[in-house]
Amino acid sequence: MNSIKKIGFIGIGNMGAPMAGHLVKKGFDVTVYDIRPEMVTAFVAQHGGKGAASLVDVAHGADAVITMLPDDKVVRKVVLGEGSENCVAAGLGRGAVVIDMSTCNPSATRSLADALKPRGIEVVDAPVMGGVVFAKDATLDIMVGGETALVERVRPVLQALGRSIVACGGTGTAHALKALANYVNACAFINAIEAMTIGRKFGLDSKLMAEALIPMCAGRNHPIEKKIIPQVLTRRYGTGMAMGFIAKDVRIAVETAKSVGAFAPLGERVLELWSAAAGKLGADLDQAQVARYWEEATGVKL
Ligand code: NAD
C-alpha cells in the first residue's frame with residue numbers, strides 16, 4: 001500500500017476548512033471541493049491548495065478522499081453518486097481510501113465500505129471529538145475504525161489534524177463510539193440545564209448553581225464547564241456546533257442501540273428533547289441555545 005500524499009477534501013465548512021488548511025500547511029497535495037463554490041474560492045485564497053469544480057475532479061488521482069460532511073446520507077450520495085455519474089467513486093482508482101471524518105451512522109459506514117469493496121476502494125471512519133477551536137489548532141481527538149494495516153496507512157494524515165488517535169476496531173466502530181460519546185454529553189448537558197432551570201424557579205442563582213454542581217457531581221462535568229458557564233450564561237452561544245448535529249448524534253446512538261438490541265429508554269427521551277428543541281428554535285442554531293428551550297418552558301432566565 002502506497003503512502004498517502006495526494007488528498008481530495010470534501011466539505012470545507014466550520015470544521016473541514018481549518019482541517020484541510022492544516023493538511024496544506026503540512027505538505028500534502030490537497031484539492032478541496034464543497035457544494036458551495038464560494039467556500040472553495042475562499043479556502044484557496046486563504047490556505048492555498050487547489051480547488052475542484054466537481055466530485056469526480058476532487059477524487060481524480062487521489063490516494064485518499066476525506067469527507068467532512070453533515071451526515072451519512074450526504075456522504076453516501078457524494079461517494080457513490082446514487083444515480084449520478086458525478087461522484088467520488090467515479091474519480092478514485094483501485095487502492096485509494098475514503099476517510100470519513102464526519103459524524104455518521106456506523107451501520108451506514110459498513111454499508112458504504114461493502115459497496116466500495118468490489119472497486120478496490122477502502123473506507124476508514126475517523127470522526128473527531130473537539131470543535132472548531134480544536135480543528136484550528138490541529139488538536140482534535142480522532143477515533144479510527146478499520147483494519148490495522150489501513151489505520152497505519154492513514155495515521156500520518158490524521159496526525160496532521162489531531163493530538164490523539166484512538167484505533168477503535170473494525171470499520172464503523174469509531175463512528176459508533178463518537179455518537180455514543182456525544183450522546184453522553186448531550187444527556188449531561190440537558191440534565192444540568194433542567195436542574196438549573198428548576199433551581200432558578202426556586203430562587204437559586206445560575207452561576208452559584210453551575211459552580212457548585214461541578215465539585216458536587218463526581219468528576220468533571222464537561223457540559224457545565226465548557227458549555228453552560230462560558231456559552232449559556234454569557235449568552236455567547238458560540239460552541240461552533242449546531243443543535244441539529246447534536247440531535248443527529250443522539251439519533252445515531254439510539255439507532256445503533258436498536259440495531260444491536262440494546263436497552264436505551266433514556267436515549268430515546270433525550271433524542272425527543274433535542275429534536276423538539278432543534279425543531280422549535282432552529283436546527284442551525286448553536287447547541288448552547290438548547291438552554292432557551294428550558295427557559296421558555298420554565299419561564300426563567302439562567
Ligand atoms: P458545516 O455545515 O459547517 O460544514 C459542512 C460542509 O459540507 C458545508 O460547507 C457544506 O456546504 C458542505 N456540503 C454539504 N453537502 C454537500 C455535498 N453534497 N457536497 C459537497 N459539500 C457539501 O458542518 P461542520 O460543523 O463542519 O460539521 C461537519 C461534520 O463534522 C458533521 O458530521 C458534524 O456532526 C461533525 N462535527 C462537527 C463539530 C463541530 O463542532 N462543528 C465537531 C465534531 C464533529
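Ser206 belongs to helix H10, which spans residues 206–216. I start with this residue in what is, I should say at once, a predicted model. Is Ser206 buried or exposed? Its relative accessible area is 7%, and Ser206 therefore counts as buried, since the limit is under 20%. Leaving aside residues up to four places away in sequence, Ser206 touches Met196, Arg200, Leu233, Lys301 and Leu302.

Leu302 leads us to a second residue, Ala291. With the same kind of neighbours left aside, Ala291 touches Ile193, Val232 and Leu302. Ala291 sits in helix H14, residues 290–298. Ala291 has a relative accessible area of 0% and is buried. For a sense of distance, please consider Phe134, which is 157 residues from Ala291 along the chain; the C-alpha atoms of these two residues are 24 Å apart.

Let me now turn to the strands. Strand S4, residues 64–67, runs parallel to S5, and four bridges join them. Within this pairing, Ile66 of the chain stands opposite Ile99 in S5. S5, residues 97–100, also pairs in the parallel sense with strand S6, residues 122–125, again over four bridges. Which residue in S6 is the bridge partner of Val97? That partner is Glu122. Between S5 and S6 the chain passes through helix H6, residues 106–116, in a β-α-β crossover that is right-handed.

What can be said about the two faces of S5? In a regular strand, side chains alternate between the two faces of the sheet. In S5, Val97 and Ile99 lie on one side, while Val98 and Asp100 lie on the other. These four residues are all buried, and both faces of S5 are thus covered.

The next topic is the ligand. How many residues surround the ligand? There are 25, and the closest are Asn14, Met15, Asp34, Arg36 and Leu69. Two helices each supply at least two residues of this shell, namely H4, residues 72–80, and H12, residues 243–260.

Several polar contacts can be listed here. From Asn14, a backbone N or O atom lies 2.9 Å from an oxygen atom of the ligand. Arg36 contributes through its side chain, with a polar atom 2.8 Å from an oxygen atom of the ligand. At Pro70, a polar backbone atom is 3.2 Å from a ligand oxygen atom. On its own the ligand has 830 Å² of accessible area, and the protein covers 88% of that.

I close with two residues chosen for their backbone angles. Most residues other than glycine have a negative phi. Ala138, however, has a phi near 55°, which is a positive value. Ala138 is found in the loop between helix H7, residues 132–137, and strand S8, residues 140–145. Its relative accessible area is 10%, so Ala138 is buried.

Arg235 likewise is a residue other than glycine with a positive phi, near 60°. Its place is in the loop between helix H11, residues 222–232, and H12. Helix H12 was named earlier among the elements that supply residues to the shell around the ligand. Is Arg235 buried, partly exposed or exposed? With a relative accessible area of 28%, Arg235 is partly exposed, because this value falls between the cut-offs of 20% and 50%.

Notes
Residues numbered from 1 in each chain as written. Predicted model: local features only at pLDDT ≥ 70, side-chain atom pairs only at ≥ 80, totals over all residues. Heavy atoms only, no water. Pairing = 2+ DSSP bridges. Right-handed = clockwise from strand over helix to strand, strands pointing away. Buried < 20%, exposed > 50% of the residue type's maximum accessible area, 1.4 Å probe, protein only. Contact = heavy atoms within 4.5 Å. Near = heavy atom within 4 Å. Polar contact = N/O pair within 3.5 Å; in protein donor to acceptor, adjacent residues only side chain to side chain. Areas by Shrake-Rupley, 256 points an atom, 1.4 Å probe, with all protein chains shown as cover.
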